[in-house]
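Biologist: I should be grateful for a close look at one part of this model, the helices and what surrounds them. Please explain it in a way that a first-year student can follow.

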Amino acid sequence: MFEKLLIANRGEIACRIARTCRRLGIPAATVHSSVDRNALHVQEVGESIEIGGAPAVESYLNTAAILETAIAVGADAIHPGIGFLSEDPEFAEAVEAAGLVFVGPRPETMRCFSDKWSAKGQARLADVPVIDGSEGSFSDPEEIEERVRQMPLPVMLKAVAGGGGRGVRVIKTMDGLSAAIASAMREASASFGRPDLLIEGFVENARHIEVQVAGDGQGNVLHLFERECSLQRRFQKIIEEAPAEKLLSEMRERILEAAVRLAATVEYRGLGTVEFLVKDGEYYFLECNPRLQVEHTVTEAITGLDLVELQLHIASKRTLPMRQNEVTLSGHAIQGRVYAESSAGGFIPSTGTVLCVDFPKRDLRVDSGVKAGSTITSHYDPMIAKLVAYGNDRGQALAILKQAVRKTVVLGLETNLDFLSSLLRHPVVVAGTADNGFIDREIQELHTPPPPPELAAIASILWMRRMHTQNEQDPWSAYGSMVGWRLSDGIDCAPSQPAFLLRNGSTSVPISFGHENKDGSVVVALDGVEISARVIDGGGGHYEAALGSRVISVCAAFGEQTVYLHSQHGSTKFAVEPYLSVDSGADSLNGVLSAQMMGKVVQVYVKAGDKVAAKAPLIVQESMKMELTITAPFDGTVVSVGCREGDLIERNHPVIEIAPTAQSTKEST
Amino acid sequence: MTVIMSTLSTHSESFKRNQAHYKNLVSELQARRQLARRGGKQQARDRHEAAEKMLPRDRIDALLDPGSPFLEIAELAGDGMYEDNPPGAGIITGIGRVSGRVCMLIANEATVKGGTYYTMTAKKHVRAQRIAWEHKLPNLTLVDSGGAYLPEQAGIFPDEGQYGSVFHQIVRQSAEGIPQLAVVHGACTAGGAYVPALCDQTVIVRGQGYMYLGGPEITYAATGERVDRENLGGAEMHTRISGVTDYLADNDRHALAILRELVYDLPQRPAHTIPPQKPLPPRYDPEEIYGIVSSEPQVPTDTREILARLVDDSRFDEFKPSYGDSLLCGFAHIMGFPVGIIANQGVLFTESSIKAVHFIDLCCKRNIPLLFMADVPGYMVGREAEQGGITKAGAKMITAMSSANVPKYNLIIGNSYGAGYMGMCSRPFGPRLAFGWPNGRAALMGPEQAATTLAMVQRQKRERDGIAWSSEEEETFKQPIRDQFTSFANMYNFASNIWIDNVIDPLETRTVMGLLLDLAAREPVSPTTFGVLRM
């Protein structure tokens with residue numbers, strides 16, 4: 001085995017590789033960028049060298065710096081992890097040229113599979129079915145358009161050098177075709193350095209089945225069974241499981257054999273994944289990923305193997321440690337990926353600081369790369385953790401995962417936890433019959449309903465308490481209850497005006513407090529709805545809220561003007577906004593414009609009824625040898641013009657009136 | 001520090017009797033507050049809200065920070081003085097936190113006679129300014145006033161402490177850098193217009209706020225010019241043309257939001273000069289004070305038992321406990337703030353007065369605020385007392401108390417009669433604030449002594465004239481005097497006249513004092529130079 005391993009990656013996968021190293025007694029070191037100094041992987045691995053700035057090209061993609069580091073720390077092998085340089089044949093070559101071992105397939109294998117067209121060719125050679133499409137890939141938009149016209153719709157454009165769903169467009173109608181081509185090519189160029197696209201038929205609503213293979217580089221290949229990853233959004237996997245449920249055993253056998261056959265034709269070395277689409281009793285080769293995959297965990301769960309150990313074994317010994325019949329399968333595993341993203345907003349990655357993170361420990365494997373205080377930036381993948389549930393059967397695994405997702409606390413930024421929760425409850429997912437178009441079709445059904453008002457009430461109480469405790473030394477902040485202390489008139493009316501506005505998403509609710517009762521309960525009025533709650537601090541960010549006879553447990557964290565709450569309803573973000581806002585003026589748009597100087601009107605551009613855009617010139621006045629132009633303050637319609645060319649106008653005399661369009665009023669309020 | 005050991009029995013008959021009596025007093029206090037806070041007549045309030053204007057108390061609630069205390073000042077002013085009983089004298093004044101800064105809020109009650117100034121309105125406004133000035137609190141004035149109430153001109157126009165003093169104090173505070181901010185919420189004529197015009201920064205509400213020295217009618221009468229009120233003194237005109245006002249708001253809420261921003265932009269106030277320690281509750285239940293305060297005038301109250309329920313952890317470090325023991329002097333904390341307490345435990349003797357002088361000097365040297373808790377029938381009279389120099393000792397105590405520049409507070413917890421009223425730092429001696437408990441009584445002398453004294457004079461006169469005076473006749477003579485002194489001595493009479501700043505429930509005392517000691521601790525105090533102390 002190796003003297004020392006350099007883990008050239010970050011996040012959960014770096015932590016995960018380090019765990020295997022620790023178990024095997026292999027010393028390990030890692031690298032980090034300037035923004036990752038306090039990252040979890042730096043802490044977990046124990047030795048880390050800063051190799052560059054935040055952008056990946058300066059750090060995690062910086063071959064020279066990584067090689068230099070490997071030598072400096074005395075490593076004799078490099079594990080590239082997932083993403084970054086893991087599929088870069090030039091990096092693999094550079095590692096080997098430096099006399100180090102690259103833990104991964106041979107460079108020529110990577111080359112063969114990194115180009116989707118050559119991968120397809122290799123599959124055909126191995127007699128593995130592929131999706132019909134254009135012969136070759138193209139970089140001329142007109143040629144692509146021409147090819148698309150010759151094929152039955154729908155078709156799919158794919159960046160030939162791509163992966164991870166980038167540079168992919170589905171063409172269902174000819175409308176907007178050229179725009180779709182242009183945008184796919186732009187994305188391909190930006191992501192992979194090549195704009196070339198491949199065109200093939202779009203196999204809609206198929207299941208995504210993939211096979212984990214391992215080879216010794218001399219033609220011996222075995223498989224570690226299949227995984228199903230049909231639940232995808234934006235062509236990216238979100239739930240993965242092994243084995244595939246509801247897959248006929250005859251089809252499973254065909255797919256497993258095809259994968260092994262393909263790997264054998266290239267004398268595959270190391271670990272790899274062969275991906276297929278399955279539909280209507282047919283299967284099609286999709287691609288082959290020459291690296292560890294994010295979802296390798298579910299294969300580990302059902303086979304009992306450590307795939308990183310297997311990688312290290314093959315890399316150091318060039319042999320397979322077991323025969324096919326020694327690989328056995330038992331039980332069922334499902335993985336949910338927790339992302340920092342806005343599920344409701346089209347799965348856009350969200351960024352920010354993780355204020356609080358807590359994973360359930362029992363009966364669950366958690367691979368995470370973040371801790372409280374970690375920052376999710378736009379520089380790297382926004383994945384927070386993988387939750388891997390294992391059970392005797394699929395039902396048990398699913399139940400464990402569902403529970404785990406509900407109990408996972410990540411506060412401080414938007415996550416997909418709620419989305420995962422509703423996804424795992426959906427009957428189609430429960431039945432195990434979802435295909436890869438499922439999320440897109442059912443997206444409206446899957447979004448979680450807005451949080452119940454009780455949570456807003458609890459958030460309001462916690463916020464006021466926080467304000468009090470922050471100013472404990474100041475009696476003018478800290479005295480009395482939520483409503484503020486008053487000389488008592490025996491009625492103890494709450495203030496007539498709301499304390500603040502609490503916003504969740506686009507919904508904003510005024511919050512008023514009633515007096516705190518002797519038992520500590522407070523009445524919170526949310527836009528007229530009254531909720532009485534007693535919130536007890538359980539320490540460590542945990543609170544118990546009693547609402548009548550019901551008790552809700554929540555976990556809370558606070559931002560600058562934000563309360564993050566986690567409860568059985570998932571995680572919710574509430575923004576605290578002042579009740580009075582200087583922008584709250586109902587008619588702050590004054591459309592009556594007056595002359596700023598005394599002077600002669602030299603030009604009138606508009607007449608009553610004209611539509612004008614903001615900043616459009618309306619009237620030009622001459623005064624003190626200067627021209628002054630009166631412009632429209634907002635989009636609107638001219639109501640009246642109070643002057644003509646040649647008029648001499650007094651200062652402050654109204655000259656024109658504009659009525660704002662509904663839109664501009666809305667924007668201003 | 002010494003913890004007071006209470007010897008109180010909460011099962012005694014007298015405790016229960018006192019407690020029942022006091023609960024009635026507190027109910028009466030709360031009923032009076034309810035009345036004062038009601039605002040104008042329902043019709044007037046409905047009309048105000050129909051015009052989409054916020055009621056003044058709603059303006060205050062919206063302006064204050066969420067959860068901010070609001071310590072109302074003189075809310076019972078004018079109570080019972082006017083036939084139509086303008087609640088709170090038609091103006092609301094109080095201290096609260098706005099944009100993180102403690103401010104004095106002054107709001108005209110436009111639903112009471114158009115927010116015009118009665119005698120007590122002007123006095124209350126002036127008093128609120130005075131408190132703000134002493135504590136360097138920004139003044140936030142929510143102007144909605146028609147100016148002077150003409151029939152009351154004697155009480156508002158000619159003298160100091162009246163309407164003119166409102167102007168004068170705006171200017172002098174501004175000169176000292178105490179921010180003066182105003183919102184014009186309604187039509188402000190003449191004097192009403194000067195208040196916002198004199199302020200540092202002024203917001204006006206469009207279509208609702210007007211300012212002019214003479215309204216359209218007066219302008220027509222005086223000059224024959226016909227002009228509508230928008231052109232004469234509207235918000236647009238004053239903000240765009242005359243420059244009388246600085247910020248134009250669309251409505252009350254918008255105006256208050258602008259005002260909050262203006263406060264936010266003020267420079268930070270200084271931190272505490274006396275850092276508080278962690279506030280501790282008294283070891284004995286403060287509610288037991290209800291059963292301690294004697295319900296019968298002739299039965300004295302044990303002040304030490306009251307102190308045990310007022311000060312932090314019931315710790316009272318008594319000064320000279322074995323000397324002049326009819327006056328309790330000692331160091332304590334209230335809500336974490338250090339305070340020197342001077343509290344009566346009977347008649348003031350020469351020794352007790354001398355002890356007070358020594359203690360006041362200590363507090364001035366150490367910059368510790370002084371709380372005077374009055375329950376005193378007066379200074380001792382009689383040959384022994386006079387020969388012992390009681391007048392000299394009393395003068396010395398008054399000189400020391402009057403000279404003291406540390407923050408002083410007056411709290412009438414029982415009787416406060418005669419020169420005792422003076423010696424215990426009542427209004428004339430410039431306490432930062434003065435309060436009375438609902439059981440408090442203050443007058444030149446007690447009702448019985450007053451009746452007896454006057455009857456004696458009457459009897460001597462009659463004896464000189466040789467007119468017989470039966471004891472029945474004497475009793476008929478005395479009763480109205482007793483009644484008059486009793487009603488005069490009532491704390492609501494003092495509150496109505498703003499001779500005290502509020503009547504407070506004993507249970508509110510700790511909170512009120514905590515808020516005030518906090519304000520006092522934020523500003524440095526000038527050193528004390530004593531007047532000549534007669535030796």
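Modeller: What follows begins with one chain and its helices, and then turns to the other chain.

The model is predicted, and every statement below should be read in that light. Chain A has 669 residues, of which 46% count as buried. Its secondary structure comes to 18 helices and 39 strands. Taken along the principal axes, the box filled by the C-alpha atoms of chain A is roughly 95 × 70 × 55 Å. Among the contacts in chain A between residues at least 6 apart in sequence, 63% join residues at least 24 apart.

Let us look first at helix α3 of chain A, residues 63-73, where A:Ile66, A:Leu67, A:Thr69 and A:Ala70 are buried. Seen down the axis of α3(A), these buried residues fall within an arc of 160 degrees, and they therefore line one face of the helix. A general rule helps in reading such a pattern. An α-helix has 3.6 residues a turn, so residues three or four places apart point the same way. The face of α3(A) turned away from the buried side carries the exposed residues A:Ala64 and A:Ala72. The cover over the buried residues of α3(A) includes strands β1 (5-7), β2 (28-33), β3 (48-52) and β4 (77-79), together with helix α4, in chain A. After α3(A) comes A:Gly74, whose phi is positive, near 80 degrees.

Helix α5 of chain A, residues 107-114, can be read in a similar manner. Its buried residues are A:Thr109, A:Met110, A:Phe113 and A:Ser114. Viewed down the axis of α5(A), they lie within an arc of 125 degrees, so they line one face of the helix. What covers them includes two helices, α4 (89-97) and α6 (116-125), and the strands β7 (155-163), β13 (269-279) and β14 (282-289) of chain A.

Two single residues of chain A illustrate burial in more detail. A:Glu44 is found in helix α2, residues 40-45. A residue is buried if 20 or more other C-beta atoms lie within 10 Å of its own. A:Glu44 is buried because 21 other C-beta atoms lie within 10 Å. Leaving aside residues up to four places away in sequence, A:Glu44 touches A:Cys15 and A:Ala18. A:Glu44 and A:Asp115 are 71 residues apart in sequence and 35 Å apart in space, C-alpha to C-alpha.

The second residue, A:Val409, is found in strand β23, residues 409-411, of chain A. A:Val409 counts as buried because it has 24 C-beta neighbours inside 10 Å. Again leaving aside residues up to four places away in sequence, A:Val409 touches A:Cys356, A:Val357, A:Asp358, A:Cys555 and A:His566. A:Val409 and A:Ser571 are 162 residues apart in sequence, and their C-alpha atoms are 7.2 Å apart in space.

We may now turn to chain B and two pairs of its helices. The axes of α4 (residues 119-135) and α6 (residues 163-175) of chain B come within 8 Å and cross at roughly 20 degrees. The two helices are therefore roughly parallel to each other, and α4(B) passes α6(B) in a left-handed crossing. On the side of α4(B), the residues that meet α6(B) are B:Ala122, B:His125, B:Val126, B:Gln129 and B:Trp133, and their partners in α6(B) are B:Tyr163, B:Ser165, B:Val166, B:Gln169 and B:Gln173. By class, this contact has 5 nonpolar, 5 polar and no charged residues.

In the second pair, α14 (residues 350-366) and α16 (residues 390-403) of chain B pack at an angle of about 20 degrees, with their axes 8 Å apart. α14(B) and α16(B) are therefore roughly parallel to each other, and their crossing is left-handed. Among the residues that meet here are B:Ile354 and B:Val357 of α14(B), and B:Ala393 and B:Met397 of α16(B). By class, the contact of α14(B) with α16(B) has 9 nonpolar, 3 polar and 2 charged residues.

Finally, the two chains touch each other. The contact takes 40 residues from chain B and 34 residues from chain A. Among the elements that give two or more residues to the chain B side are α1 (13-37), α3 (56-63) and α11 (252-264) of chain B. The largest share of that side, 7 residues, comes from α11(B). The chain B side divides into 15 nonpolar, 10 polar and 15 charged residues.

Definitions and conventions:
Residues are numbered from 1 along each chain as its sequence is written. Chains are lettered from A and ligands numbered from 1 in the order in which they are written. This is a predicted model: local features need pLDDT of at least 70, side-chain atom pairs count only at pLDDT 80 or more; totals for chains, interfaces and linings use all residues. A residue is buried if 20 or more other C-beta atoms lie within 10 Å of its own, exposed if 12 or fewer, and partly exposed in between; C-beta atoms are placed from the backbone. Helices (H or I, at least four residues) and strands (E, at least two) are DSSP runs, numbered from the N terminus. The arc is that of the directions from the helix axis to the C-beta atoms. Two residues are in contact if their C-beta atoms, placed from the backbone, lie within 7 Å. Ala, Val, Leu, Ile, Met, Phe, Trp, Tyr, Cys and Pro count as nonpolar, Asp, Glu, Lys and Arg as charged, and the others, Gly among them, as polar. Axes are lines fitted to C-alpha atoms, for helices over the stretch in contact, and angles run from 0 to 180 degrees between N-to-C directions. Angles under 35 degrees count as roughly parallel, over 145 as roughly antiparallel, 65 to 115 as roughly perpendicular and the rest as oblique. A crossing is left-handed if the near helix is turned anticlockwise from the far one by less than a right angle, and right-handed if clockwise.
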